[in-house]
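Good morning, and thank you for making time for this. Please have a look at the model on the screen, and I will then talk you through one of its chains.

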Amino acid sequence: MTTTKSNYPGLNLGAAHGDDHEAAETAIFGFWIFLMSDIVTFGMFFAVYVTSALNTAGGPGPKDLFSLTSVAWQTGFLLVSSVTSGLAVLNLKHEHSQSQSPRKWLVFWLLVSVLLGIGFLQQEVRDFIDIAHKGGVPSRSAWLSAFWSLVGMHGLHVSVGSLWCLVIVMGVLAQGVIQRWKHAIMSWAVFWHFLDLVWIGIFTIVFLRGLV
Amino acid sequence: MTRAQELRAYLIGFGLSVVLTAIPFTLVALHKDAQLTLWVLGICAVLQAIVHLRYFLHLSLHGQQRDDLQLVLFTALILLIMIGGTLWILANLTRRM
């Protein structure tokens, strides 16, 4: 199997981008190292969640609090958003090796991704409010503390990711598709894919397992 | 890889993810046998994680340069030790209490 040389993990900008591609090596590889440490953090939150999954202390349990329909919507939003962020990266890679190219499709896919991310957050916040109304506040039991920490931290990541994407869109519109924003888009897309990866763990271990 | 191939990778990844998401959600919605459902949940989640790593994050066991693959594998090892160790020890403690 022959493969082209990759400078860093994941999809590469490619040699057509010249200096921007070479410089991406340290920028993107460094970002991967951060993501790996982030995934270890998530891993420990998962471990805490699983060890306290049965400790409801007589309070409400998963079946009293979770809505399968809502989780399905959140999963859909995040999955489609992950794909559209990939389409943004493909557009960046193939249309923007010269920075004069029109930016509308790149901006379009970034905005679609962030809107889907906001759709996810809106649904998640509604769930959180609903759960709190039903008495599922973090202080109620060990299980609920673990639930709010894990799912809340993921939601916080999605919020920061959405904000980051909006900053990138403004940067691209103000300064063009320069090296700085190319690297930001590449890093952000990897971050966004990772959040979807973590979500697989959350909807499986927290929601579906809780509703079985 | 050409642009068409890269686009196809995202679409294949999307299609597989939809299937691997739909199966567990359907099983849970239909209230099938709990033991069977849990097994299917686990298998679908692992498969979908692999699909994401392969088609969205473009990781593969071939053609990765230098530290890239080692970085991911080392992280997997750390996760295995820390999560596995936590579950092992705490499950053991629970049984003794």
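Before I point at anything, a word on helices and strands: they are DSSP runs, helices being H or I with at least four residues and strands being E with at least two, numbered from the N terminus. What you see is a predicted model, in which local features need pLDDT of at least 70 and side-chain atom pairs count only at pLDDT 80 or more, while totals for chains, interfaces and linings use all residues. Residues are numbered from 1 along each chain as its sequence is written, and chains are lettered from A and ligands numbered from 1 in the order in which they are written.

Chain B has three helices and zero strands, and its radius of gyration, taken over C-alpha atoms, is 18 Å, well over the 13 Å that the globule rule (2.2 Å times the number of residues to the power 0.38) gives for 97 residues, so chain B is more spread out than a compact globule. Along the principal axes, its C-alpha trace spans about 60 × 40 × 10 Å.

Let us turn to helix 1 of chain B, residues 3–29, whose end C-alpha atoms are 39 Å apart, in agreement with the 39 Å expected for 27 residues at 1.5 Å times one less than that number. Among its buried residues, meaning those with 20 or more other C-beta atoms (placed from the backbone) within 10 Å of their own, are Tyr10(B), Gly13(B) and Phe25(B). Just after this helix, His31(B) takes a positive phi of about 55°.

Note on methods:
A residue is buried if 20 or more other C-beta atoms lie within 10 Å of its own, exposed if 12 or fewer, and partly exposed in between; C-beta atoms are placed from the backbone.
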